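Thank you all for coming; I would like to walk through one model this morning, moving from its ring pairs to its sheet and then to its charged side chains. Please keep the view in front of you open as I go.

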Amino acid sequence: MAEKVIYAMYDDDDVLKDGAKKLVAKGVKVADVFSPFPIHGIDPIIGVKHTRLGIMAFLYGLTGTTLATLGMNYFMIHDWPMNIGGKPNDTYLDNVLAFIPITFEFTVLCAAHGMAITYLLLNKTLPGMPATNPDPRTTDDKFVMELRLSDNGQFSEGELMAMLNETGVIEIDQKDIH
């Protein structure tokens, strides 16, 4: 079943933010905002929750630390013990200071790659996937606010259009999304 979506275009991010504040104050739910750059302060206005990407970064970093520690313990102590500079290489704890830079670098590597892959998968922005951008001008200099009629059942389509026209919108478009 198709869902009606209203796209309101603005030519200034401050006008869009003020418009979003007015709409949300009236009880309108804004589904999303598309812009060529991040608009600071728009997330709390339209009710976007904080990301959990930081938790995932910690888990990926912890995985990197664990893998680096286990790997260096196996490779440098048990599998192929090396005598570097005449220093003993019998236990991991005797040489832990020498392994700190490698552990740090592998932690950062795993956290960065894990976050990037998680971000791309969750946002469905992998190479070859179709863009979900409602208007190509939002990659240049325009800003679009998305309102879904199903999220705003207490308002009629005409009421939403009237409220949007009071917010400084320059163009309104409607689409049926399947």
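**Aromatic pairs**

The structure holds 3 aromatic pairs, where rings of Phe, Tyr and Trp (its six-membered ring) pair if their centres lie within 6.5 Å, and planes under 30 degrees apart count as stacked, over 60 as edge-to-face and the rest as tilted. One of these joins phenylalanine 37 and phenylalanine 143, whose ring centres are 5.5 Å apart with the planes at 80°, so the pair is edge-to-face. This pair links distant parts of the chain, since phenylalanine 37 sits in the loop between E2 and helix H2 (42-46) while phenylalanine 143 is in strand E3, 106 residues apart. Helices (H or I, at least four residues) and strands (E, at least two) are DSSP runs, numbered from the N terminus.

I should say at once that this is a predicted model, in which local features need pLDDT of at least 70 and side-chain atom pairs count only at pLDDT 80 or more, whereas totals for chains, interfaces and linings use all residues. Residues are numbered from 1 along each chain as its sequence is written, and side-chain values use heavy atoms, with hydrogens and water left out.

As for the surroundings of these two rings, phenylalanine 37 counts as partly exposed at 38% relative accessibility, whereas phenylalanine 143 is buried, with a relative accessible area of 4%. Here buried means under 20% relative accessible area, exposed means over 50%, and partly exposed is in between (1.4 Å probe, protein chains only). Another pair is made by tyrosine 74 and phenylalanine 75, with centres 5.4 Å apart and planes at 70°, so this pair is edge-to-face; tyrosine 74 is partly exposed, at 45% relative accessibility.

**The sheet and its helices**

Let me turn to the sheet, which is open and has 4 strands in the order E2-E3-E1-E4, with antiparallel pairing. Two strands pair if DSSP finds at least two bridges between them. The edge strands are E2 and E4, each of which pairs on one side only, and the twist averages 25° from one strand to the next.

Going through the pairings, E2 and E3 are antiparallel over 3 bridges, with aspartate 32 having glutamate 146 in E3 as its bridge partner. E1 and E3 also run antiparallel, joined by 6 bridges, and tyrosine 10 stands opposite phenylalanine 143 in E3, the phenylalanine that we met in the ring pair with phenylalanine 37. E1 and E4, again antiparallel, are joined by 7 bridges, and isoleucine 6 stands opposite glutamine 174 in E4. Strand E3 is mostly covered, as 5 of its 6 residues are buried.

Which strands does H1 lie across? H1 lies across E1, E2 and E3, and runs at about 20° to E3, while H5 lies across E1, E3 and E4, running at about 10° to E1. For these statements, contact means heavy atoms within 4.5 Å, and axes are lines fitted to C-alpha atoms, for helices over the stretch in contact, with angles running from 0 to 180 degrees between N-to-C directions.

**Charged side chains**

The structure holds 6 salt bridges, each being a side-chain nitrogen of Lys or Arg within 4 Å of a carboxyl oxygen of Asp or Glu. In one of them, lysine 4 and glutamate 157 have their closest N and O atoms 3.5 Å apart, and this pair links distant parts of the chain, with lysine 4 in strand E1 (residues 3-10) and glutamate 157 in helix H5 (residues 157-165), 153 residues apart.

Lysine 26 forms a salt bridge with glutamate 166, at 3.0 Å between the closest N and O atoms. Lysine 26 lies in the loop between H1 and strand E2 (32-34) and glutamate 166 in the loop between H5 and strand E4 (171-177), so the pair ties together parts that are 140 residues apart in sequence. In addition, Glu3, Glu146 and Arg148 are linked in a network of salt bridges.

Finally, what about aspartate 13, in helix H1 (residues 13-25)? Aspartate 13 is buried yet has no salt bridge, the nearest side chain of opposite charge being lysine 17, 6.4 Å away; Lys and Arg count as positive and Asp and Glu as negative, while His and the chain ends are not counted. Leaving aside residues up to four places away in sequence, aspartate 13 touches Phe37, Ile39 and Phe143.
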